[in-house]
Amino acid sequence: MTKTTVFGIAFDAHDAVRIAQFWADTLGRQVADGADAHDAVVLPSDLVSAGPRLAFHQVPEGKAVKNRVHHDLATSDLDGKTARLIELGATIVNTITGQARWITFADPEGNEFDLISI
């Protein structure tokens, strides 16, 4: 029987190294050696719970519509992590409050992701 697993998630980007550095800083990871504007990889940490590697590849066209796939990040410090994400270059797109609380952000290239309070 052949085993299949998620090796990584790849994203189109305008500047692969810039957006990879944003996600490395956001997740507390490192950008792999050899990263440049065309291709960059954010390595997983040693923790299994850190998730797969993230790859960013330069494409000529810009983002035009809402993401079909996005990150859901969870934090116990929504206000502190929000401030850090804004400092790294993210922008707030939407805030949801009520029984659940989360903020939808756009990364520096406009890709949406959610930060969920746990």
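This short talk walks through a sheet, the helix that packs on it, and a group of aromatic rings, all in a predicted model.

Let me begin with the sheet, which is open and has three strands in the order 1-3-2, with mixed pairing. Its edges are formed by strand 1 and by strand 2, residues 39-42, each of which pairs on one side only. On average, and with direction ignored, neighbouring strands of this sheet are turned by 20° against each other. Strand 2 and strand 3, the latter covering residues 53-58, run antiparallel and are joined by four bridges; within strand 3, Leu-54 is the bridge partner of Val-42.

Helix 1, residues 16-27, packs on this sheet and touches strand 1, strand 2 and strand 3, while its direction makes about 160° with that of strand 3.

That helix brings me to the aromatic residues, for which a search of the whole structure finds five pairs. In one of them, Trp-23 and Phe-113, the ring centres are 4.8 Å apart and the planes stand at 70°, so the pair counts as edge-to-face, the cut-off for that class being over 60 degrees. Trp-23 belongs to helix 1 and Phe-113 to strand 7, residues 112-117, so that this pair links distant parts of the chain, 90 residues apart. Trp-23 is buried, with a relative accessible area of 2%, and Phe-113 is likewise buried, at 0%. Ring pairs also link Phe-22, Trp-23, Phe-105 and Phe-113 into a cluster.

Finally, a residue from the segment before strand 1, namely Thr-2, is exposed, with a relative accessible area of 70%.

Definitions and conventions
Residues are numbered from 1 along each chain as its sequence is written. This is a predicted model: local features need pLDDT of at least 70, side-chain atom pairs count only at pLDDT 80 or more; totals for chains, interfaces and linings use all residues. Side-chain values use heavy atoms; hydrogens and water are left out. Helices (H or I, at least four residues) and strands (E, at least two) are DSSP runs, numbered from the N terminus. Buried means under 20% relative accessible area, exposed over 50%, partly exposed in between (1.4 Å probe, protein chains only). Two strands pair if DSSP finds at least two bridges between them. Axes are lines fitted to C-alpha atoms, for helices over the stretch in contact, and angles run from 0 to 180 degrees between N-to-C directions. Contact means heavy atoms within 4.5 Å. Rings of Phe, Tyr and Trp (its six-membered ring) pair if their centres lie within 6.5 Å; planes under 30 degrees apart count as stacked, over 60 as edge-to-face and the rest as tilted.
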